[in-house]
Structures are given as C-alpha cells and as structure tokens.
Amino acid sequence: MRRKILVNVIGVLLAFLLGALVMLFQGYNPLETYFRLFQYSLSPGKITYTLSNSVPLVLTGLSASVAFASGAINLGQPGQLLIGALFATVGGLYLNLPQVLMIPTLLILAMVGGALWSGIAAVLKYWFNMSEFITTLMLNMIADYFTYWAITYPFFEKNANHPQTPLINQSGWIPEWGNFNTNILVMILAFVVIWFIVNRATAGYEWRISGQNSLFSRLGGVNISKNYLAVMLLTGALAGLAGGMVVMAGPHRFIKDIGANYAWDGVMIAMVANTDIVLTLVYGIFFGILQTGAVGMELITAVPKELIQVLQAVIVLIVVSGRVYFESLFASFEARRRMRERVA
Amino acid sequence: MNVIIGLINGMISSATPILLAALGGSLTFYAGIFNIAMEGMMLSGAFFAVLGSYYFHSWPLGILFAILGALLMALIFILFAVVLKMDEFITGIGLNLFALGLTTYLLEEIFNVRGMFTSPQIVPVPSIDFPLIENIPVIGEILSGQNLIVYLAFLATILVHYLDFKTRFGLRLRAAGYNRTSLDTSGISANRVRIWSLILCAVLCGLAGAFLSLGVITGFTKGMSAGKGWISLAAVILVSGNPTGIALISLLFGFTDGLGLFMQQSLPSQFTSMVPYLATLVALFIYSFRLKKKQMV
C-alpha cells in the first residue's frame, strides 16, 4: 500500500518537474506558478468550490474505472454525459415537482439518458459483435451534434445570442448551503455505492474477474454477456449522472460545450488510477484541484490555464509507465534486503 | 452536372485526410501496433502546419512543420509504448489528450487567441492545374485543380501498397505483426521495424494535418481533427490494413461527408454533420454482419 502511494507521488512530482521545465523555458517562474495554483484552489474559502468542481471528474472517472476493470472499453463517456445532461435539462424544463421529488427525478433522468446512450453501444456489441471501442467513439460525435441541434431548435431559449436552453425550474437546482454545494454529497454517495458494488458485492467480483480473465470466469459459471450489459448500462448511467450534475449544480441550463473536457479527463483519471476505485476518487479530486487552481494561476501569473491540460496528460503518461518500472525496482530492492537478512 | 462535379470534389477533399491517416494506420496495423494516436498526430500536424506557414510565409515549410509536429507525437508514443513497454491503448489515449492540450496551450501562448486562429499571413497549400487535362470537360474539373496534398495522398496510396507488399521492409513489417519472436530470432529487431512504421505513420498523419489547416480551411481551430483520426482507425480495421481497400473506404466516407453537405438544404446542419460518423457505424455493422455469416458457414 505504501509502495503504491510512493509510486503515484513520485510520478506526479516528475510530471510537475517536467511542467516546471516547460515554464522555465518560456520565461515563467514555475515555483510561483505552482504556489498560486494550489493557493487558489486550496484556500479555505475556495476548497468546497474546488470539491464541487471535481464532482463531474470523479463521476466520469468512476464510470471509466468500472468499465475498464470489467473489460468493457467504454470510451463513450463524453456522449453519455451530454445525453444525460440533455435529459436532466429537458426534465427540468417541463416538470415542476417539489424539490424533494424533483432532484431525485432529474438525477434518475440523467442516469437513464446516459444508460440509454451506452446501451446503444452495448446492444450493438451484444447482437452484432461490433467493438464498443469504436462505436462509443462515434456515438460521442453523434451525441455532440444531436445535443447541439436540441439546444439550437426545439429547446432554444428565445432572445439568446448563442445556442442554449432556458433555465430549468428552480426546484431542480442542486441546493447550496452557504459555500457548500450539495453536489459533493451526490458524489460521495455514488462513490460509496460503486465502491461497495465493486469490492463487496458478487456482481463486482464477477465483473473484475471477467475483466482480468474472461475464459476463467466463464468456466467458473459467470454469465459474461449479462455482466457486460450491466457494466455498460451502469457506466453509462454514471457518466449521464455527471452530465446531470453539471447542469443542475452549474449554469442550470444546457449551454453549448457544457461537457467541456470532463469525460475525457475521467478516462485519464481511470487510467492513472489503474481502475482502483479509491485512487479514482483521489485523482478525480486532485485533477479538480489542478483545474480550479488553473483559473487563479492564470489570473495572477499570466500562465495560460490550458497548461494544466498538458500537465494532466503528462501525469498520466509518467505515472502509468512509471508504475511498471518502479514496481520492478522496489521488488528487486526487497529481494536484496531479504537475501541480506538470510545471510546475516 | 455541376452538382455531381461538386459532390465528387467534396468527396475527394473530405476523403484526403482520412485516407492519409489511415495509410499511416495501415503501416502500424501490419507492424502489430494498436495505434490509436492518429487523431493526436493529425491535430499536432495541423497546428504546426499553421505555425510554420505563418512564421515563414511559405507552405512547404508549413508542411515540413506539420510533419515535425506529428513526429513529435510519434516519438512520445515510441518512448512510452515501445521503449518503456507501456500499454499501447493507454499511451494512445494519453497522447491524443496531450496533443489536444498542447495545441490549445500553444494557441494561447503563441498566438494569444482562444479556440481559433486564422490570419492572411498563413500561406495555404496551392492547388495544381494540369495544362492539358484541365481543358477536358467534366473530367478536367475533377482531375485537375485539386490541392497538392490530394495528389500526394494518391501517390501515398500507391507507395504504401508497394512498401507493404513489394519490398523487404514490408515483409519485415508484416512479420513484426504476425510473429515478432520469429522476426527477432531471424536477426532483425522487431522493435526497430515497429519504430519505423510509427515514424512513417507520423509523416502521413502530418500531411493529413497540413491538409486540414492549410488545405480546405486556412487556419487552426481547437480540436479541428474532430474524430477523423478515429474514422481512419475504423477504415483500417474494416479492410484489415489493405491500402487499396483503405483508399476505397476513405472515398466512401468522403462521399457521405459530401452528401451531408448536399443535404443541408433540407436538414439542419447538425444532422448532416453526423453523417460520416453514422456511416462509420453502418460500415462496421456490415463488416461484423459479414464476419458472423462467414463464421456460421
């Protein structure tokens, strides 16, 4: 466990070092830049805001982690997020229930939307054996244009000068307690449920075994295609939930490009976390800290906030490649230490 | 008549970037690399093409920069996937997002704009007119007057076909994918062959990128490769890497793209833009359907 933490910390530090070199090369002060970044996102007044920003990252990260660990190459989180956001928005525009009913209804709608979109890919694989890897990618582009159409024509807000829907009914807004946005609670709930399913429930065990060795699990009596469908629907629902949260906790309407890069960031988080559920939460929040801090960094030091996007990709590449390398290094240290003990 | 000529020319120009990237993908496919980084290579190529053309006011340097930009991505892929033996899938995804981040960052850092950069100082790649052919009615309007990179893509198709099937390198390339241990034991480093295939792939993707930002449109838009690298990956998978098949399937995808533009009179543009992605899904569907039939016989 300690080794796992060390590998991740070293990888992240190496990536930061590389980022610092890039900044030095361009004449920025890297120490000040990093200081401003963390100062902005971790200051007492901002920390709940940072956590709230990391909600879509953690949710899409969980979606990708569960999918990859179960051997389903669901890369459709961007599309599932958008469709989920659209479903929540449309529900929020036409339904008007008391808040206690409204919020769960919209969250369920968002999950249904995401699951519907991932379900298309799942069905194509189930019936026609089409690789979900490419179909989900194509569905992403289709979802992108479809939601763009939806907010330009049927759900367009009149008098707006760029494509967006009107505000959803106020009872569907995720409540804020002072500085504390309660979307954080939804994230924690989702995390606990997913952690429990993956680590404690039979279904999660079957999924993980199918991901590691599908032949072994089939011989052990696991119904592979049923599990595959379940994983695709669940991960789609998670991505859709992320979309719903973005609308309901953020601008309260569907704006063009509302999905930002959340879903792809989630895919990166799953890869850097090696599909571990707890690490997914940690990296999701960490990426949230980086992205929130980037705004402050840009305000004070003039380093463009897009640098963080580069840094994130570098972190993924270095941590993942380093994991294999460091782990073999530690193993050889360990072996040498044991040998010395034997000799003594 | 003009409509048909327009459709065919639209088909050719939409097919060109897909064809070039897919030819690169064909080389890595034969070398046994699960290369999904074409999207990132193309995007990086498109950005550096604009950079080169803008600063040196010359399109040949734009193309050169595009190739260098794509090569940068290929080198990172080689470092992680071949040297450090990291998972090719993770490397590819990481690299595509790295390319997206890097180009947006540099766009802001160098040109001080967000999202889009265009300037009259960017010199586009010229179209080529052939003196005699251009006077032939109908055919002349198609065969002549295309962008230089379109002709390069045509040449590249023949070259890649020749390279894959008629040269010693092609034999080794396919051996690296088919059975790399046997290639290693016969005294040729499979890794070296794989590295060369990635470098050639980057050159082709760089050209594809240059066509995007210096061909039809002059200028760079954030994420302008818009899934074309993924479509080209689908094209490679559909025909198992065969260059001639890739050329045909790219033209088919290009045709649907042109058709989409044509349908804009009656449908909202968002739906017509979906057409190439839907076409990819349909093509994959037919492919798996035929595969299933074959297995049942």
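Analyst: Let's start with a convention: when two helices pack at an angle over 145 degrees, they count as roughly antiparallel. One thing to keep in mind as we go is that this is a predicted model.

User: Good. At what angle do helix 4 and helix 11 of chain A pack, and how far apart are their axes?

Analyst: Helix 4 (residues 55-69) and helix 11 (residues 224-249) of chain A pack at about 170 degrees, with axes 9 Å apart. Since that angle is over 145, helix 4 of chain A and helix 11 of chain A are roughly antiparallel to each other.

User: Which residues meet there, and how do they divide by class?

Analyst: A general idea helps first: an α-helix has 3.6 residues a turn, so residues three or four places apart point the same way. From helix 4 of chain A, the residues in this contact include A:Val55, A:Leu59, A:Leu62, A:Ser63 and A:Val66. Facing them in helix 11 of chain A are, among others, A:Val231, A:Leu234, A:Leu238, A:Leu241, A:Ala242 and A:Met245. By class, this contact has 14 nonpolar, three polar and no charged residues.

User: A:Ala242 appears in that list. How far is A:Leu82 from A:Ala242, in sequence and in space?

Analyst: A:Leu82 and A:Ala242 are 160 residues apart in sequence and 9.0 Å apart in space, from C-alpha to C-alpha. A:Leu82 belongs to helix 5 (residues 77-94) of chain A.

User: Is A:Leu82 buried or exposed, and what does A:Leu82 touch?

Analyst: For burial, we count neighbouring C-beta atoms, and 20 or more within 10 Å make a residue buried. A:Leu82 has 31 others within that distance, so it is buried. Setting aside neighbours within four places in sequence, A:Leu82 is in contact with A:Ala143, A:Asp144, A:Thr147, A:Gly243 and A:Gly259.

User: How does the span of helix 7 of chain A agree with what its residues should give?

Analyst: The idea is to compare the distance between the end C-alpha atoms with the rise of 1.5 Å a residue. Helix 7 (residues 132-152) of chain A has 21 residues, which should span 30 Å, and its ends lie 29 Å apart, in agreement. With 18 of those 21 residues buried, helix 7 of chain A is largely enclosed by the rest of the structure.

User: And how do helix 1 and helix 14 of chain A cross?

Analyst: The axes of helix 1 (residues 2-25) and helix 14 (residues 307-343) of chain A come within 7 Å and cross at roughly 135 degrees. That makes helix 1 of chain A oblique to helix 14 of chain A. The crossing of these two helices is right-handed. On the helix 1 side, the meeting residues include A:Arg3, A:Val7, A:Ile10, A:Leu14 and A:Leu18, and on the helix 14 side they include A:Leu311, A:Ile315, A:Ile318, A:Arg323 and A:Glu327. The contact divides into 14 nonpolar, four polar and three charged residues.

User: Let's turn to chain B. What is the span of helix 2 there?

Analyst: Helix 2 (residues 38-56) of chain B has 19 residues and reaches 26 Å between its end C-alpha atoms, close to the expected 27 Å. Of those 19 residues, 17 are buried, so helix 2 of chain B is largely enclosed by the rest of the structure. Just after this helix, B:His57 takes a positive phi of about 50 degrees.

User: How does helix 2 of chain B cross helix 9?

Analyst: Their axes come within 7 Å and cross at roughly 55 degrees, where helix 9 of chain B covers residues 190-216. That makes helix 2 of chain B oblique to helix 9 of chain B, and the crossing is right-handed. The contact includes B:Met38, B:Met42, B:Gly45 and B:Ala49 of helix 2, along with B:Ala202, B:Cys205, B:Gly209 and B:Leu212 of helix 9. By class there are 13 nonpolar, six polar and no charged residues.

User: Where in chain B do B:Ala226 and B:Ser240 lie?

Analyst: B:Ala226 is in the loop between strand 4 (220-221) and helix 10 of chain B. Its phi is near 40 degrees, a positive value in a residue other than glycine, and B:Ala226 is partly exposed, with 18 other C-beta atoms within 10 Å. B:Ser240 lies in the loop between helix 10 and helix 11 (243-262) of chain B. B:Ser240 has a positive phi of about 50 degrees and is exposed, with 12 other C-beta atoms within 10 Å.

User: Finally, how many residues does each chain give to the contact between them?

Analyst: Chain B gives 33 residues and chain A gives 31. On the chain B side, helix 4 (88-111), helix 10 (228-238) and helix 12 (269-296) are the elements that give two or more residues. Helix 12 of chain B gives the most, with 13 residues. The chain B side divides into 22 nonpolar, eight polar and three charged residues.

Conventions: Residues are numbered from 1 along each chain as its sequence is written. Chains are lettered from A and ligands numbered from 1 in the order in which they are written. This is a predicted model: local features need pLDDT of at least 70, side-chain atom pairs count only at pLDDT 80 or more; totals for chains, interfaces and linings use all residues. Helices (H or I, at least four residues) and strands (E, at least two) are DSSP runs, numbered from the N terminus. The expected span of a helix is 1.5 Å times one less than its number of residues. Two residues are in contact if their C-beta atoms, placed from the backbone, lie within 7 Å. Ala, Val, Leu, Ile, Met, Phe, Trp, Tyr, Cys and Pro count as nonpolar, Asp, Glu, Lys and Arg as charged, and the others, Gly among them, as polar. Axes are lines fitted to C-alpha atoms, for helices over the stretch in contact, and angles run from 0 to 180 degrees between N-to-C directions. Angles under 35 degrees count as roughly parallel, over 145 as roughly antiparallel, 65 to 115 as roughly perpendicular and the rest as oblique. A crossing is left-handed if the near helix is turned anticlockwise from the far one by less than a right angle, and right-handed if clockwise.
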